[in-house]
Amino acid sequence: MDSTIAILAILDGLSYAALVFLVSVGLSLIFGVLRVVNVAHGSLYAYGAYMAATISLLVAPISPWLTFPALLIAALIIGVFVGGLLETFLLRPVYGREEVLQLLITFAVFMIMDNLQRLIWGVQPIFAAEPVRLLPNVSLLGVTYTSYQVILLPLVALGTLIGLRYFLRHTLSGAVILAVTEDREAATAIGINARNVFLITFIIGATLAALGGALASPTTSLVPGMGTDMIVLSFAVAATAGLGQIEGAAVTALMIGLARAFVIYIQPELEVLVPYLIMVIVLLVRPMGLFGVNKVRKI
Amino acid sequence: MSNVLISARGLKIRFGGVIAADGIDLDVLEGENLAIIGPNGAGKTTFLNMTTGYLRPQAGSVSFLGKDITALPPRTITKLGVARAFQIPQLFLEQTVMENMLMSAAARTGQMTGFRRLMDLPERAEMEALLDLVGVRAFADRRTFELPEGQRKLVDIALALALKPRVLLMDEPTSGVASAEKMGIMDILTNALKQQKVSSVFVEHDMEMVERYASRVAVWSSGKIQIVGPPSEVLQNAEVRAHVIGI
Amino acid sequence: MARLSNLHRVLIAIAIAASIIVPALLPSWTTLVTLILAKGIVVLGIIILLQAGQVSFGHAMFFGLGAYSVAFWGKYLGTGDLLLYIVIAPVVATLVGALVGVFVVRYREIFFGMLNLAFSMVLWSLLEKLYHFTNGADGIRVARPTIAGMAFPPETFQYLLLYITLALALVASFAVQRYLDSPLGHMLKAIKTNETRLEYLGVSARKVLLIGYIISAFLGGLGGALVTVAQQIATPEFAFWTKSGEFVFIAILGGTANAAGAFAGAAMFEIVRFLAAAKLANAWQLILGVVLIVIIMFAPSGLIGLLKRGAASEGKR
């Protein structure tokens with residue numbers, strides 16, 4: 001493999017990892033607090049993308065630069081409204097019920113959202129590449145790449161990582177979320193209002209998924225099934241990292257993103273296999289994930 | 001001299017900064033009822049966890065009838081003849097008392113079959129007799145989660161007895177039981193142990209129980225055994241009275 | 001409840017009668033009823049694992065393995081016999097199930113689900129991408145097999161396939177119900193409520209779960225073969241995670257307490273899909289999603305639980 005292809009693979013991997021990180025860290029955060037794997041998480045990603053494209057196509061004629069705030073607004077609309085409604089009306093009634101029922105509720109939401117998505121946005125691919133075109137290309141050792149993908153996306157991901165860390169370690173709401181993640185019983189015993197914590201966490205997680213989708217929308221064509229693929233991929237990243245691990249999710253997303261990018265250039269047909277293979281291997285060796293910790297039950 | 005069943009030598013384990021076992025040496029003898037007493041956090045339950053394979057000591061060894069069992073998992077140690085009952089009853093809550101018991105019987109006799117109904121196993125009469133012995137036969141067809149705490153405790157012990165062990169380790173068999181019932185339960189229990197020729201170790205906080213039912217007492221104190229001996233002697237010891245019994 | 005209750009006897013009689021009468025009156029429903037029974041067989045396997053409190057979000061792997069065993073046989077060795085297919089497919093699924101099972105039974109709850117998902121996605125990616133062998137997303141068409149060496153015209157074949165599937169479904173349900181009532185079946189439930197105590201009875205929880213896992217893989221393979229023969233095609237979709245979700249969905253829909261739930265759930269699922277696809281082609285998935293939410297919120301013990309409740313209040317009157 002020559003160096004141009006290697007650089008190309010690294011840049012591909014980097015921009016891909018940034019998106020995957022945003023989605024999987026949301027999934028991981030939600031699991032850490034609510035102990036629910038949100039199967040509809042990929043749908044929130046897809047809705048973020050479609051919503052961003054819709055708003056972008058609306059505002060682009062006014063000024064193409066408005067498409068940037070459009071991405072953020074789309075993510076907030078989906079995350080806060082759709083996420084908030086899901087948590088309040090569908091998840092809240094089943095907390096404390098069997099795990100499989102909670103999982104299936106989100107599966108039902110996935111089916112409904114997947115179907116609605118096709119009813120609202122149709123099945124034809126949608127393109128809204130304005131933001132990518134507006135930013136200049138950059139050259140690195142003879143490889144030209146869009147700065148949207150290799151600078152903006154990784155910056156947003158990094159900003160999210162730092163922001164989340166700050167929020168969790170240095171603000172009261174964050175500290176509460178961390179407390180619930182580490183020990184739910186103890187946290188509720190000392191009077192933490194689990195209901196609000198769950199809602200806020202779910203909204204943050206959903207917004208991150210939608211943001212991932214919104215940021216992905218200019219770089220790809222939007223098609224039915226994009227959420228279905230993303231959900232398992234973000235599962236793979238979150239589980240490989242260890243559920244609830246934020247920094248771990250960043251490292252793992254990078255690892256899987258790079259591995260996938262290199263495989264695309266070496267053995268393209270194995271591309272989809274990579275994340276799952278990594279996940280299988282890691283979980284077989286370390287069931288709690290690369291960065292997770294084991295707990296012993298008291299008897 | 002009676003047979004040594006369990007022999008612990010130099011057991012050490014620490015959790016973070018807490019030393020839960022700091023060189024425990026103890027033999028459990030055939031036919032005895034050994035009481036373990038000591039303040040909370042002295043490492044009594046940790047000792048049971050190490051002798052049954054739930055925790056692996058960081059140093060030292062445990063043997064049963066001369067066989068080293070230090071690194072074996074609970075299920076293997078159980079198979080050898082060491083059964084355990086728990087401080088908080090550990091039952092299969094969605095199943096009836098009889099189903100709980102028959103699983104224990106099936107485990108003992110190795111009837112791990114998928115073709116025969118559990119409730120048709122030949123050990124059913126034997127299990128009924130055992131439930132009778134511990135006084136919970138009336139609950140046989142009730143699901144265990146419906147039982148009051150005291151009865152659950154008895155079912156927990158019956159599950160262990162159904163394994164026909166050589167030695168039974170019990171973690172506070174009468175905790176969570178109303179004090180008026182304690183004596184009754186311990187009477188039933190020691191009677192059952194004697195009938196089945198099972199030796200026992202029991203962690204206990206109530207000194208009246210110890211005095212009445214133990215044949216030997218070991219006093220735990222911050223991960224160490226302070227003193228071992230007959231109850232009459234140990235319970236009169238000034239230091240034990242001051243630190244453990246709190247008089 | 002060791003013996004069959006009257007309710008169960010009645011349900012089984014109704015199910016057998018419906019499986020025979022409905023296709024006789026409505027020939028277009030023949031394949032639908034076959035699919036219901038075949039998927040019910042797969043869901044029996046999910047119900048086994050649910051006894052132990054474990055949710056496999058990758059069980060489509062065994063369904064897909066069964067389907068592709070048939071498809072590959074047809075593609076590379078020429079059209080086989082139905083009786084051969086229903087032996088080969090479960091055997092392949094069982095072997096893979098034993099191999100994968102050894103690893104996954106070390107894990108519980110979300111890790112168990114995740115690892116199953118990962119294995120199934122590996123299979124799905126291979127089926128999708130190894131185009132030369134699998135025709136990729138287009139799938140492999142499966143010709144109508146012979147039955148015991150005899151070729152039948154399509155209509156006759158449809159009915160014969162239905163009756164064979166019905167017979168297999170009955171045998172599978174009775175066998176699974178007996179297994180759930182046995183010491184091994186009860187120990188599965190014990191894994192769910194108190195695995196530590198099970199180990200303290202001298203039982204290897206992993207071994208108990210592995211046996212259940214292998215049986216469920218067998219059932220997945222058998223169901224996959226039957227669905228493939230009925231639909232005359234195998235596609236990678238058969239091994240995709242949404243298919244796994246569908247099986248868990250059907251199990252919860254029917255009720256997980258016993259074998260009957262698998263078929264009640266499969267009937268409800270496939271009939272809603274069949275009717276919705278005919279009347280509201282664009283919204284069947286949405287309708288099923290709403291049905292699932294309603295069931296979880298208001299009837300958590302599934303359709304069989306509803307029937308039981310109904311029968312109980314009937315008895316009081």
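Which helix of chain A holds A:E87? The answer is α3, residues 67–91. This is a predicted model, and the report below starts from that one residue before turning to helix packing, a sheet, a whole chain and two interfaces.

**A glutamate in chain A**

A:E87 is buried, because 24 other C-beta atoms lie within 10 Å and the cut-off for burial is 20 or more. Set aside its neighbours within four places in sequence, and A:E87 is in contact with A:R92, A:F198, A:L199 and A:F202. A:L164 is another matter. A:E87 and A:L164 are 77 residues apart in sequence, and their C-alpha atoms are 21 Å apart in space.

**Helix packing in chain A**

Helix α1 (residues 3–34) of chain A packs with helix α11 (residues 246–266) of chain A. The angle is about 140°, and the axes are 6 Å apart. The crossing of α1(A) past α11(A) is right-handed. Sorted by class, the contact of α1(A) with α11(A) has 19 nonpolar residues, four polar and two charged.

**The sheet of chain B**

Chain B has an open sheet of six strands. Their order is β6-β7-β8-β3-β9-β10, and the pairing is mixed. Its edges are β6 (82–85) and β10 (224–229) of chain B, each of which pairs on one side only. From one strand to the next, the twist averages 20°.

Inside this order, β7 (residues 167–171) and β8 (residues 199–203) of chain B pair in the parallel sense, over five bridges. B:M170 stands opposite B:F202, which is in β8(B). A helix crosses here too. α5 (residues 149–161) of chain B lies across β6 and β7 of chain B. Helix α5(B) runs at about 175° to β6(B).

**Chain C as a whole**

Chain C comes to 13 helices and two strands. Its C-alpha atoms fill a box of roughly 50 × 50 × 40 Å along the principal axes. How does the radius of gyration of chain C stand against that of a compact globule? Chain C has 19 Å, and a compact globule with 317 residues would have a value near 20 Å, so the two agree.

Burial and contact range add to the picture. Buried residues are 56% of the 317 in chain C. Of the contacts in chain C with a separation of 6 or more, 79% join residues 24 or more positions apart.

**Two interfaces of chain C**

Chain C touches both chain A and chain B. The contact with chain A takes 38 residues from chain C and 40 residues from chain A. On the side of chain C that touches chain A, α5 (109–129), α10 (241–254) and α12 (284–298) of chain C each supply at least two residues. α5(C) gives the most there, with 14 residues.

The contact with chain B takes 23 residues from chain C and 27 residues from chain B. Here the elements of chain C that give two or more residues are α7 (154–181) and α8 (183–199). The largest share, 12 residues, comes from α8(C).

The table gives the classes of residue on each side.

| Side of chain C | Nonpolar | Polar | Charged |
|---|---|---|---|
| touching chain A | 28 residues | seven residues | three residues |
| touching chain B | 10 residues | eight residues | five residues |

Methods. Residues numbered from 1 in each chain as written. Chains lettered and ligands numbered in written order. Predicted model: local features only at pLDDT ≥ 70, side-chain atom pairs only at ≥ 80, totals over all residues. Contact = placed C-beta atoms within 7 Å. Helix = DSSP H or I, 4+ residues; strand = E, 2+ residues; numbered from the N terminus. Nonpolar A, V, L, I, M, F, W, Y, C, P; charged D, E, K, R; others polar. Pairing = 2+ DSSP bridges. Axes fitted to C-alpha atoms, helices over the stretch in contact; angles between N-to-C directions. Rg over C-alpha atoms; globule rule 2.2 N^0.38 Å. Buried ≥ 20, exposed ≤ 12 C-beta atoms within 10 Å, placed from the backbone. Left-handed = near helix turned anticlockwise from the far one by under 90°.
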